[in-house]
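Morning, everyone. One structure today, and I'll keep it brief.

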Amino acid sequence: MIDATDALRVEDLSIAYGTAPPSVSGVSLRVRKGEIVGVIGESGSGKSSIALAMMGLLPDSARVAASTMEIAGSDMKGATELDWGQVRGLKASMVFQEPMSALNPCMRIGPQIAEVLQIHGKADKKQARARALEILRLVQMPDAEKRLDYYPHQLSGGQRQRVVIAIAVAAGPDLLVADEPTTALDVTVQAQILDLIRSLRDETGMGVLFISHDLGVIGQLCERVAVMYRGRVVETGTARRVLEDPQHPYTKALLESIPRPSVPVRSPLAVIPAVNDFAEVPAVLEEAS
Ligand SMILES: Nc1ncnc2c1ncn2[C@@H]1O[C@H](COP(=O)(O)OP(=O)(O)O)[C@@H](O)[C@H]1O
Ligand SMILES: [Mg+2]
């Protein structure tokens, strides 16, 4: 049943590229409106594949199957490109890791935001600049009015990511999928972008699927978290419970591999063994309360 309070609901998602074994299998995720859900896992665990599947952006070589796939009340199971066109930007949008490649380098910032508003019928040509300015202020861009006329190369990395986020939230989506949006930024800027995502969630009530390989980032931002290992979710729960009291051996190993100030510098860092054993351990799944 479609629940109006859900931004995203996917059940038993699997994704396979070409004839390779599935890169993602049996994944179920739920993001309520107003909730930030983290997906954490090492490189290659299938996080970006899930993000792209939620936007209908996987390459043609990918085969996607799910028993449920709903985005803000729209059933996207078996959706065509035309169906995705009705959802992308309006109901769900995405922020990628590298802001420069998400922006048009030859176009000023203002028109890039205005264009999105016009495409989605959120502003006509006359209103578009004023509305673009409002959105640039919403993402807390310093000197927003002046920066409407800047080109992407005139902005810092953090400011560019603010513009990408502005474009993503311009049409008021119910779901924001953010795939490692702070990984390319330095630590202080990273913290500012996390604050921004939190405050946009508070203001707009959108749900956020936040993907990261960084447990610290997930702990700062997310209410709930799903831990991915080799294409499967091995543990879910509140971020606090999973980080403070991990149950699955993979989650425990992941937590132990983070350097901590309390551990003497010379002691070796725990390394996650490259074995299949974790996949054999049953997943620890908590339904969100
Ligand atoms: N376009 C693609 N074609 C073929 N295989 C892919 C493609 N994208 C991802 N994969 C494979 O899917 C697996 C998961 O990748 P990905 O979803 O990018 O993981 P993550 O984002 O967690 O690093 C990897 O084994 C990767 O090689
Ligand atoms: Mg990735």
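I'll take the sheet, then the helices on it, then a helix pair.

This is a predicted model. Start with the sheet. It is open, with 6 strands. The order runs E7-E8-E9-E3-E10-E11, and the pairing is mixed. Which strands sit at the edges? Strand E7, residues 92-95, and strand E11, residues 232-238. Each of those pairs on one side only. From one strand to the next, the twist averages 15°.

Now look at the E11 end. Strand E10, residues 224-229, pairs with E11 in the antiparallel sense, over 6 bridges. To find one on your screen, pick Val225: its bridge partner in E11 is Gly237.

Next, helices on the sheet. Helix H1, residues 47-54, packs there. H1 touches E3, E7, E8, E9 and E10. Its direction makes about 150° with that of E8. Helix H7 lies across E7 and E8. Against E7, H7 runs at about 170°.

H7 also has a helix partner. That is H4, residues 109-119, while H7 itself spans 157-169. The two axes come within 8 Å and cross at roughly 20°. Anything under 35 degrees counts as roughly parallel, so H4 and H7 are roughly parallel to each other. The crossing of H4 and H7 is right-handed.

Who makes the contact between them? From H4, Ile109, Gln112, Ile113 and Val116. From H7, Val163, Ala166 and Ile167. By class, that contact has 6 nonpolar residues, 1 polar and no charged.

That's the tour. Questions, please.

Note on methods. Residues are numbered from 1 along each chain as its sequence is written. Chains are lettered from A and ligands numbered from 1 in the order in which they are written. This is a predicted model: local features need pLDDT of at least 70, side-chain atom pairs count only at pLDDT 80 or more; totals for chains, interfaces and linings use all residues. Side-chain values use heavy atoms; hydrogens and water are left out. Axes are lines fitted to C-alpha atoms, for helices over the stretch in contact, and angles run from 0 to 180 degrees between N-to-C directions. Helices (H or I, at least four residues) and strands (E, at least two) are DSSP runs, numbered from the N terminus. Angles under 35 degrees count as roughly parallel, over 145 as roughly antiparallel, 65 to 115 as roughly perpendicular and the rest as oblique. A crossing is left-handed if the near helix is turned anticlockwise from the far one by less than a right angle, and right-handed if clockwise. Contact means heavy atoms within 4.5 Å. Ala, Val, Leu, Ile, Met, Phe, Trp, Tyr, Cys and Pro count as nonpolar, Asp, Glu, Lys and Arg as charged, and the others, Gly among them, as polar. Two strands pair if DSSP finds at least two bridges between them.
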